[in-house]
Amino acid sequence: MDEIMRRRVYGADHEDPDPGPRPGREYRELVGGPLDGLLLDVTGWTAVALADGSALVTEIGAYGPGGRAEYGPRPDEPDKWDWRGDTP
């Protein structure tokens, strides 16, 4: 758990002195692609949304600013979301 608590959360302000996870929140680890290693806060997401995954805005994907990186749950490890590719 200590390793998770030191990780950066997707969407955290770059100037935030503590961009890591917060107690009482639920996270998924992003694996592969441009957001590899970040944590995604999924607190309050529905079961359907968690099963579908998400297209996350990123400037560092294949489509540059405004592009999205798609991530979805790994079938055997739903706490890890694998990169599915980039979309405009």
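**Close-up views of a predicted model**

**View 1. E29 pairs with L39.** In this predicted model, E29 has L39 as its bridge partner in β2. Strand β1 covers residues 27-31 and is joined to β2 by three bridges. The two strands run antiparallel. On β5, E29 has another bridge partner, K80. Here too, three bridges make the link, but β1 and β5 run parallel.

**View 2. The open sheet.** Five strands form an open sheet in the order β2-β1-β5-β4-β3. The pairing is mixed. Strands β2 (39-41) and β3 (54-58) lie at the edges, each pairing on one side only. Neighbouring strands are turned by 40 degrees against each other on average, with direction ignored. Strands of a sheet pair through backbone hydrogen bonds, either parallel or antiparallel.

**View 3. The β4-β5 hairpin.** Strand β4 spans residues 67-74 and is joined to β5 by seven bridges. These strands run antiparallel. A hairpin of two residues connects β4 to β5. Within this pair, A69 stands opposite D86 of β5.

**View 4. D82 in strand β5.** D82 is found in β5, which covers residues 77-87. Is D82 buried or partly exposed? Its relative accessibility is 24%, so D82 counts as partly exposed; the buried class ends at 20%. Beyond its neighbours within four places in sequence, D82 is in contact with V31, E70, Y71, G72 and R74. D82 and E29 are 53 residues apart in sequence, yet their C-alpha atoms are 8.5 Å apart in space.

**View 5. V57 in edge strand β3.** V57 has its place in strand β3, an edge strand of the sheet. V57 counts as partly exposed because its relative accessibility is 40%. Not counting residues up to four places away in sequence, V57 touches Y10, G67 and R68. From V57 to G85 the C-alpha distance is 12 Å, with their positions 28 residues apart in sequence.

**View 6. The largest nonpolar core.** Ten residues make up this core: L30, L35, L38, L40, V42, L50, L56, A69, Y71 and W81. One of them is L50. Which residues does L50 contact, leaving aside neighbours within four places in sequence? They are R28, V42, W45, P73 and W81. Of these contacts, V42 and W81 also belong to the core. A69, the residue opposite D86, is a core member as well. So is Y71, a contact of D82. In soluble globular proteins, nonpolar side chains tend to be buried together.

Note on methods
Residues numbered from 1 in each chain as written. Predicted model: local features only at pLDDT ≥ 70, side-chain atom pairs only at ≥ 80, totals over all residues. Heavy atoms only, no water. Core = buried A, V, L, I, M, F, W, Y, C linked by side-chain atoms within 4.5 Å. Buried < 20%, exposed > 50% of the residue type's maximum accessible area, 1.4 Å probe, protein only. Contact = heavy atoms within 4.5 Å. Helix = DSSP H or I, 4+ residues; strand = E, 2+ residues; numbered from the N terminus. Pairing = 2+ DSSP bridges. Axes fitted to C-alpha atoms, helices over the stretch in contact; angles between N-to-C directions.
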